[in-house]
Amino acid sequence: MTGLDTNVLLGWLLNRRSKLPGGGPFRISLIVLVELVWVLQSQFRNSRSEIASIIETLLQIPDVDVAGRDAVKAALDDFRDGGADFADYLIGHDNALSGCETTWTYDRKAGRNPRFTLLQMEN
């Protein structure tokens, strides 16, 4: 198995003609996935729906192992319709799957999700 860095994954996704040397299987870490979403949103201005479709496609490729697959799938559902960042939803679902009852946050958008408890900042 070979791990893919964000820039390699992005190049492969954006330019289907580029071949990955050696063939699979390939591993995509959670960090790479979060970076990928950030780049697709901030640099390429992809919509939430477009980004969710890209990640869902990655999840279906037989030779691609996406870390935290269950947390990623659940986070995609929230990300598609919610207002928080993909990273926030992924954190919440990863923590829930690890046995956490909640995830504390100061982020108001993430705090609307049932996996989070919104804390108030003290002055």
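F79 and F86 are both buried in this predicted model. They also form the one aromatic pair that the structure holds. Their ring centres lie 5.7 Å apart and their planes meet at 80 degrees, so the pair is edge-to-face. From these two rings we can walk outwards to the nonpolar core, the sheet, the salt bridges and the loops.

**The nonpolar core**

- F86 turns up again here: of the 32 residues in the largest nonpolar core, L9, L33, I55, V72 and F86 touch the most other members.
- Many elements contribute to this core, with α1 (6-14), β2 (26-28), α2 (30-42), α3 (48-60), β3 (64-66), α4 (69-81) and α5 (86-97) each supplying at least two residues.
- Which helix gives the most to this core? The answer is α2, with six residues.
- L33 is a good residue to click on, and if you set aside residues up to four places away in sequence, L33 touches I28, I55, L58, V66, V72 and F86.

**The sheet**

- Three strands make an open sheet in the order β1-β2-β3, and their pairing is parallel.
- Why is one side of β1 (2-3) and of β3 left without a neighbour in the sheet? Both strands stand at the edges, each with a single partner strand, so one side of each has no neighbour there.
- As general background, strands of a sheet pair through backbone hydrogen bonds, either parallel or antiparallel.
- β2 and β3 run parallel and are joined by three bridges.
- I28 stands opposite V66 in β3, and these two residues are also among the contacts of L33.

**A salt bridge between strands**

- The structure has three salt bridges in total.
- One of them brings together the side chains of R27 and D65, with 2.6 Å from N to O.
- R27 belongs to strand β2 and D65 to strand β3, so this pair ties together parts that are 38 residues apart in sequence.
- Are these two partners buried or partly exposed? R27 is partly exposed, with a relative accessible area of 33%, and D65 is partly exposed as well, at 27%.

**A salt-bridge network around R80**

- R80 forms a salt bridge with E56, and their closest N and O atoms are 2.7 Å apart.
- R80 sits in helix α4 and E56 in helix α3, so the pair links parts that are 24 residues apart in sequence.
- R80 also meets D77 in a salt bridge, with 3.9 Å from N to O.
- R80 and D77 are three residues apart in helix α4, which separates them by about one helical turn.
- Here is a general rule to keep in mind: an α-helix has 3.6 residues a turn, so residues three or four places apart point the same way.
- Each of the three partners is partly exposed: R80 has a relative accessibility of 28%, E56 has 29%, and D77 has 49%.
- Through shared partners, the salt bridges join E56, D77 and R80 into one network.

**Helix α4**

- How does the length of α4 compare with what its 13 residues should span? At 1.5 Å a residue they should span 18 Å, and the end C-alpha atoms are 19 Å apart, which agrees.
- A71, V72, A75, L76 and F79 are buried in α4.
- The cover over the buried residues of α4 includes α2, α3, β3 and α5.

**Two loop residues to look up**

- In general, most residues other than glycine have a negative phi.
- R45 has a positive phi of about 55 degrees although it is not a glycine.
- You can find R45 in the loop between α2 and α3, where its relative accessibility of 65% counts as exposed.
- T102 is in the loop between α5 and β4 (103-105), and it is partly exposed, with a relative accessible area of 29%.
- How far apart in space are T102 and F116? Their C-alpha atoms are 5.3 Å apart, while the two residues are 14 residues apart in sequence.
- Apart from its neighbours within four places in sequence, T102 is in contact with R115, F116 and T117.

Definitions and conventions. Residues are numbered from 1 along each chain as its sequence is written. This is a predicted model: local features need pLDDT of at least 70, side-chain atom pairs count only at pLDDT 80 or more; totals for chains, interfaces and linings use all residues. Side-chain values use heavy atoms; hydrogens and water are left out. A nonpolar core is a set of buried Ala, Val, Leu, Ile, Met, Phe, Trp, Tyr and Cys residues joined through side-chain atoms within 4.5 Å. Buried means under 20% relative accessible area, exposed over 50%, partly exposed in between (1.4 Å probe, protein chains only). Helices (H or I, at least four residues) and strands (E, at least two) are DSSP runs, numbered from the N terminus. Contact means heavy atoms within 4.5 Å. Two strands pair if DSSP finds at least two bridges between them. Rings of Phe, Tyr and Trp (its six-membered ring) pair if their centres lie within 6.5 Å; planes under 30 degrees apart count as stacked, over 60 as edge-to-face and the rest as tilted. A salt bridge is a side-chain nitrogen of Lys or Arg within 4 Å of a carboxyl oxygen of Asp or Glu. The expected span of a helix is 1.5 Å times one less than its number of residues.
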